[in-house]
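Biologist: I am new to this structure and would like a close look at a single part. Please take me through the aromatic rings and their surroundings.

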Amino acid sequence: MRPFATVFLAGLLALAATGCSKPIDLKQSARLTEVSTGWFDAGVTNGQNKLVPSITFRIARDPGTEVPALALNVAFRFTGDEDSSEDVYVQRVDFAGDTTAPITVRSNFGFTGEQPRAEMLTHSQFRDMAARVFAKQNSSQWVALGDIKVARQLITH
């Protein structure tokens, strides 16, 4: 075999070997940690107080896992409903060591009312919400990392 052909064939084999590496199973290697939730005071909209669901969390990965960054999709939905009321996309979340910095995600959809914010949480038409956090690496499929119930508490940060 000629030297050029040998080098070319070796290059093709190296490319094939890197393409055959096992994909990372995010469901097994990444998890939500340090979760906190509540209803964020989003100010006044059209003369009414507005509260929106808010979740803050970190993502931890197994030590040695080669996941430099993730994209996230957070689907907010009313408790008991499977259809989301709003999806919030986070384009890139980087890891620093084996965890991310705290990630805060808020829906734009929320509740408005004329009553004080604390009373809004006890109103008869108030509905609890939850969020399902999906993640993916590069062009992989979305993987559900977990469900988070939004606590009925006011938060200001």
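Modeller: What follows goes from the whole chain to the aromatic rings, and then to the core.

This is a predicted model. The protein chain has 157 residues, and 37% of them count as buried. Its secondary structure comes to three helices and ten strands. From the N terminus, the order is α-α-β-β-β-β-β-β-β-α-β-β-β. Among contacts with a separation of 6 or more, 67% join residues 24 or more positions apart.

Now the rings. The structure holds seven aromatic pairs. One of them joins tryptophan 39 and phenylalanine 111. Their centres are 5.7 Å apart, and the planes meet at 55°, so the pair counts as tilted, between the cut-offs of 30 and 60 degrees. Tryptophan 39 lies in strand β1 and phenylalanine 111 in strand β7, so this pair ties together parts that are 72 residues apart in sequence. Tryptophan 39 has a relative accessible area of 0%, so it is buried. Phenylalanine 111 has 16% relative accessibility and also counts as buried, because the cut-off is under 20%.

Phenylalanine 111 has a tilted pair with phenylalanine 126 too. Here the centres are 4.7 Å apart, with 40° between the planes. Phenylalanine 126 sits in the loop between α3 and β8, so the pair with phenylalanine 111 in β7 links parts 15 residues apart in sequence. Both phenylalanines, 111 and 126, are buried. Ring pairs join Trp39, Phe78, Phe109, Phe111 and Phe126 into a cluster.

Charged side chains also meet rings. The charged end of arginine 127 sits over the ring of phenylalanine 78, 4.1 Å from its centre. Phe78 is one of the cluster members. Arginine 106 lies over the face of phenylalanine 40, at 3.6 Å from the ring centre.

Next, the core. The largest nonpolar core has 31 residues. Ile55, Phe57, Ile59, Leu72 and Val105 have the most contacts inside it. Strands β1, β2, β3, β4, β6, β8 and β9 each supply at least two of its residues. β3 gives the most, with five. Leucine 72 touches aromatic residues including Phe57, Tyr89, Phe134 and Trp142, not counting residues up to four places away in sequence.

Two of these core strands also pair with each other. β8 and β9 run antiparallel over six bridges. Alanine 131 stands opposite isoleucine 148 in β9. The two strands, β8 and β9, form a hairpin with six residues between them. In that turn, asparagine 138 has a positive phi of about 55°.

Methods: Residues numbered from 1 in each chain as written. Predicted model: local features only at pLDDT ≥ 70, side-chain atom pairs only at ≥ 80, totals over all residues. Heavy atoms only, no water. Core = buried A, V, L, I, M, F, W, Y, C linked by side-chain atoms within 4.5 Å. Buried < 20%, exposed > 50% of the residue type's maximum accessible area, 1.4 Å probe, protein only. Helix = DSSP H or I, 4+ residues; strand = E, 2+ residues; numbered from the N terminus. Contact = heavy atoms within 4.5 Å. Pairing = 2+ DSSP bridges. Phe/Tyr/Trp six-rings, centres within 6.5 Å; stacked < 30°, edge-to-face > 60°. Lys NZ or Arg CZ within 6 Å of the ring centre and 35° of its normal.
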